[in-house]
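Hi everyone, thanks for coming along. Let me put the sequence and the structure up, and then we'll walk through the contacts together.

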Amino acid sequence: MNDGVEQTRGLSVLDRPNSYIGKTVPRPNLDRLMQGRGLYVSDMTLPRMVHVVFLRSPHAHAKILNIDSVAAKAMPGVIAVVTGRELADVITPWIGVLTHLKGLKSAPQHAIAIDRVCWQGEAVAAIVATSRALAEDAAEQMSVDYEELTPVTNMRTALDAETPVIHPDLGDNLAFERNLDAGAIDKAFADSDEVVEAEFVFGRHTGVTLEPRAVLADWNAGEARLTIYQGTQAPHMVQNISAKHLGLEEAQVRVVCKDVGGSFGIKVHIYADEMATYALSKLLRRPVKFVADRVESFSTDIHARDHVCKGRIGVNKDGTITGFEIDDLTGIGPYSMYPRTSAIEANQVVNLVGGPYTTPNYRARTRVVFQNKNVTCQYRGVGHPIACSITEVLVDLAARAIGMDPIEIRRRNLVADDAYPCASPSGMKFEALSHHASIDRLLSIMDYDALRAEQAELRKQGIYRGIGIASFVEVTNPAAAFYGVGGARISSQDGVTVRLDATGSVVCQTSITEQGQGSESLTAQIVGSVLGVSMSRVRVILGDTDNTPYGGGTWASRGAGIGGEAALQSAKALRKNILDVAAAILQAKPGDLDIVENSVVDLVGGQQRIEMHELARIVYFRPDTLPPGFQAELMATRHFVPREYPFAFTNGVQASWLEVDPNTGFITLLKHWVVEDCGTIINPQLVDEQIRGGVVQGLGAALYEHCIYDERGQLTNANMADYLVPMSGEMPDISIGHVVSPTMESELGAKGAGEAGTAGAAACVANAVNDALAPFGATVTEIPLTPRLILTALGTI
Amino acid sequence: MTAPVAVSLTVNGERIDAQVLPRLNLADFLREHLGLTGTHVGCEHGVCGACTVRVDGDIVRACLLLAVQTHNASVETIEGLSDSGEVADLQAAFCNRNALQCGYCTPGMLMAAQDLLRQNAAPDRAQIREHLSGNYCRCTGYHAIIDAVEATALARRGEQP
Ligand code: FES
Ligand code: FES
């Protein structure tokens, strides 16, 4: 651990002249996107391509009595109208469970509903036509008879005896329950000076990728092969799952992922309508394109959060936190999502509450219930914003109960920076975290004491500003523990192939994907640094199951830490091969040579010996001149997966400075700070912008974003005008600092940074609001923090 | 459905004569008829700004305008502004500042930013934030975009950042 962005740990293969590691270099290929010359799936067309539009249920829960498609089939341009029953001949149903989530149950889900719809927005028929407009016209001619069933919408009563069971075969509406009891919480609370409790409510929200989900499936009957163009974070997962349910061999499916207009976890799943699109292409033997419109996105893209959680914290007058207890409840919609399941978020909440703190006393229960709303699943930060908000708001309430400053109570309870490795009460293993150094860094960049003085001064003038702090832990670099051990065929390892081409440039194929995080850049930076080749001579290929090694993709903050290490190791292997060739050509020893700036040089003295393009020319065109028996190998592949730690935990701390208008309930964000420790930083700018983007998504959830359902299970704000997302005018500038504790699991030492922003943003905003409202004695423990909520807390309405 | 209507317009300086259905919006016309897929569609109801283009010098939401309404108009898209070099410095600033991640909002964002800089050579951060408030970005958190626009404004005035 050390403070600041500079790294002191000697990384032999990276710590080289002209290394790109730790440097801000512009991402390759941005011009294409800036000039409007990217290729998103929504831009693509293929010969004979047709468009599918899904007719979706207007009811949250209903029997399908009859589907009349005669009129629709007669409409201009219509190729086919396909029901769930017809499509079931082409694609099999699935059940979203994993064995390591003991007891998790779900019901079979079909690509298109058969007999019954379970949420408003579930597809009941597919209308395929020569254009999307014509398919939409035809959809209006469809006539479906429904018999409405009682919808289960309130998660708090979902388990009551009077509540109908959504899937009678499952026996009840409980999808999953987990209980954890560590230490001795009852005794700890009984012995505490204060026990503070609160009920937390986390609204449902969703990712709102600016490009909606899009897929173009092309079954070539002549090749018996399906090519799926899809904006996905996990191409090999899509390949495996689609093949399985279409009755194909994996080799019969190719998944290609070009530019992706935002993902954030929304595009790491496989949706029923996407499965239906693959199946329709097979059925109709031609390319079929599906692009969700914005209304469909809101009612079918996975939602997240939707938790109600009672939390308790014990504290002594000296500031010692004695324990945490939570009782969490979440509604996940009618099915557990496939293949990653909808129990992971609740499971993470149990794993992460109290994570930064030393207390060994922790009891948790979570219950995951079915309801007739859209499904929930993993969205950026999975469980983190919930666990962090519960923990950090409780810590602030405890501090207030004993009259201690929020920074001071954290200092007294955060795990010491020299106490690692250690484990949390929930069994999470921490390799090396830096909570205290992070707080130090935060206080210095935000000038905490000056802000406190300003706050006190302004209060005298009737201006209510608040400071909120939130420490957090963050799960990154997941190994097989996340999905693989539960039976999901989702790879936790990644692979990279590097090859020197005949002109001395490098082609690099990686199984991680790019959705704007900078996967191409970090891969090229690592490969260029290790090989001694300029980044401009490294071309990165990703997002194609035919042309990359097998791997997991980019999700759960794994791209840099796992894919980056595979890149490093493959480049090392190629470097060795190149030096072997050079030694053969130069009649030198490989150990006496180095590669610097696209040339092989003497290790000592740096004298240039042979340029890479010349070496490549000899290998490819004049191998006859190499020594007899010598075979050059200018291509190398390596894979990587962390083995010792199931996750590389990172940590950080955020702070918010905001103003609350007690008359209107409006919150104005003034400034936001983040200190993050993601280990080795490959490109500081990429890390900072990941964090900023994540913070703003977290701020959206904290203040605006909410999928509002009525008691009938109708989503009432499924459009961008009524579902509010952060706009530039409302967002603050965000300052970022770093502490660097590399992971020793890899030579690279990088951990992830993608969830950090989202993890702590809502928690520190809630704490800042409560701090601002302190003179009124009001507290809020619900998000989004709408003006109505604030005014209610103030007793104004 | 009514019959197609003839429209004539210029798009990025090129004369276009086409037959379009009256209901066809400008975004779909640009994307599907002319292959100008740099104009993106994020909401199709006038909120997100991804479809921002210039019509007769003013920025508009292409999803809210019908193609037939552009008869005799001059339409400019991101492809046109890129090829003419009009926004080359702004694009370079976006690149330097990593002011785009997925890039889906970027064409519309560049359109809106250029519009601001044409009206106001010295906008402050709050004014930049305000002017771009109709353009959603889900990836960047906006900070880098504001930095890039601010840097471009400074450079165009010949000042150092
Ligand atoms: S697509 Fe036109 S404003 Fe969103
Ligand atoms: S860069 Fe992805 S929406 Fe702005």
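How much area is buried between domain 1 of chain B and domain 2 of chain B? About 1,100 Å², of which carbon and sulfur atoms give 53%. Buried area here is the accessible area, with a 1.4 Å probe, that two parts lose on being put together, summed over both.

Before going further, some housekeeping. This is a predicted model, where local features need pLDDT of at least 70 and side-chain atom pairs count only at pLDDT 80 or more, while totals for chains, interfaces and linings use all residues. Residues are numbered from 1 along each chain as its sequence is written, chains are lettered from A and ligands numbered from 1 in the order in which they are written, and side-chain values use heavy atoms, with hydrogens and water left out.

Back to chain B, then. Its domain 1 covers 5-77 and its domain 2 covers 87-156, with bounds from an automatic or database domain assignment. Their C-alpha centres lie 22 Å apart. In contact, meaning heavy atoms within 4.5 Å, are 16 residues of domain 1 of chain B and 13 residues of domain 2 of chain B. On the domain 1 side, B:His40, B:Arg54 and B:Ile59 supply 39% of the area buried against domain 2 of chain B, more than any other three residues.

Between these two domains of chain B there are zero salt bridges; that term needs a side-chain nitrogen of Lys or Arg within 4 Å of a carboxyl oxygen of Asp or Glu. There are, however, seven residue pairs in polar contact, both at pLDDT 80 or more. A polar contact is a pair of N or O atoms within 3.5 Å; within protein, one must be able to donate a hydrogen and the other to accept it, and residues adjacent in sequence count only if both atoms are side-chain atoms.

Now chain A. The assignment gives domain 1 (2-38 + 493-640), domain 2 (41-149 + 212-260 + 266-300) and domain 3 (303-480 + 644-793). Domains 1 and 2 of chain A have C-alpha centres 40 Å apart, and the contact takes 20 residues from domain 1 of chain A and 18 residues from domain 2 of chain A. Together they bury about 1,400 Å², 45% of it on carbon and sulfur atoms. Four salt bridges are counted between them. A:Arg32 forms a salt bridge with A:Asp259, with the closest N and O atoms 2.5 Å apart.

What about the two chains? Chain A and chain B bury about 4,100 Å² between them, 53% of it on carbon and sulfur atoms. In chain A, A:Met34, A:Leu210 and A:Ser728 lose the most area to chain B, together 19% of what that side buries. The count across this interface is eight salt bridges. B:Arg23 forms a salt bridge with A:Asp137, the closest N and O atoms being 2.9 Å apart. Polar contacts come to 33 residue pairs, both at pLDDT 80 or more. Among the elements on the chain A side, helix 17 of chain A gives the most, with eight residues; helices are DSSP runs (H or I, at least four residues), numbered from the N terminus.

One last residue: A:Arg410, in helix 11 (residues 406-413) of chain A. Buried or exposed? A:Arg410 is buried, with a relative accessible area of 0%, where buried means under 20% with a 1.4 Å probe, protein chains only.

Notes: Helix = DSSP H or I, 4+ residues; strand = E, 2+ residues; numbered from the N terminus. Buried < 20%, exposed > 50% of the residue type's maximum accessible area, 1.4 Å probe, protein only.
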